[in-house]
Amino acid sequence: MPATLSDLNDFPSTQASWKLYPNPAKHASIIQDEVGRGLEPEIIGEAGRMVKRFSACEGRREYPLDLPAGVYMVRERRGGTVQRIVVVE
């Protein structure tokens with residue numbers, strides 16, 4: 001069964017090597033790679049399914065959030081760290 005947003009606390013507690021802002025976000029969010037190892041973020045919806053995947057990048061990059069308003073998880077595929085983001089209209 002896929003993870004749900006209520007399962008966010010079940011993910012391993014690790015220090016993320018990236019920052020996500022602004023949060024809440026409206027049209028786009030910026031992900032800042034703090035370590036320079038490259039990121040491959042994916043967005044997980046409330047039902048626990050991946051709704052968006054982005055290609056690898058290093059440094060600072062703006063990602064479009066053409067998603068309905070709601071609460072999502074952003075997971076970094078390489079390191080497995082997770083952060084919550086709120087998308088507003």
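**Exercise 1. State the pattern of elements that the protein chain follows along the sequence.**

Solution. In this predicted model, reading along the sequence gives the pattern β-β-β-β-β-β-β. The count agrees with this: the protein chain holds 7 strands and 0 helices.

**Exercise 2. Find the order of the strands in the open sheet of 3 strands, and name its edge strands.**

Solution. Step one is the order, which is β1-β2-β5, with antiparallel pairing. Step two is to look for strands that pair on one side only; these are β1 (18-21) and β5 (60-64), the edge strands. Step three is the twist, which averages 20 degrees from one strand to the next. As background, strands of a sheet pair through backbone hydrogen bonds, either parallel or antiparallel.

**Exercise 3. Describe how β1 and β2 pair, and name the bridge partner of Tyr21.**

Solution. Strand β2 covers residues 28-33. Its pairing with β1 is antiparallel and runs over 4 bridges. For Tyr21, the bridge partner in β2 is Ile30.

**Exercise 4. Decide whether Ser17 is buried or exposed, and list the residues it touches.**

Solution. First, place the residue: Ser17 lies in the segment before β1. Next, take its relative accessible area, which is 16%. The cut-off for buried is under 20%, so Ser17, at 16%, counts as buried. Last, leave out residues up to four places away in sequence; Ser17 then touches Gln32, Asp33, Glu34, Val35 and Arg37.

**Exercise 5. Give the share of the protein chain that counts as buried, and the share of contacts made by residues 24 or more positions apart.**

Solution. The protein chain has 89 residues, and 37% of them count as buried. For the second part, take the contacts with a separation of 6 or more; residues 24 or more positions apart account for 54% of these.

**Exercise 6. Say how many cavities of 30 Å³ or more the structure has, and describe the lining of the largest cavity.**

Solution. Begin with the search of the whole structure, which finds 1 cavity of 30 Å³ or more. The volume of the largest cavity is about 40 Å³. Its lining consists of Leu20, Ser29, Ile31, Pro41, Ile43, Phe54, Tyr63, Leu65 and Val74. Now sort the lining by element: β2 and β3 (41-44) are the elements that give two or more residues to it. Then sort by residue type: the lining divides into 8 nonpolar residues, 1 polar residue and no charged ones.

Terms used:
Residues numbered from 1 in each chain as written. Predicted model: local features only at pLDDT ≥ 70, side-chain atom pairs only at ≥ 80, totals over all residues. Heavy atoms only, no water. Pairing = 2+ DSSP bridges. Axes fitted to C-alpha atoms, helices over the stretch in contact; angles between N-to-C directions. 1 Å grid on protein atoms, 1.4 Å probe; cavity = no way out; pocket = protein on both sides within 12 Å on 5 of 7 lines; lining within 4 Å. Points joined across faces, edges and corners; volume = space filled by probe spheres on them. Nonpolar A, V, L, I, M, F, W, Y, C, P; charged D, E, K, R; others polar. Buried < 20%, exposed > 50% of the residue type's maximum accessible area, 1.4 Å probe, protein only. Contact = heavy atoms within 4.5 Å.
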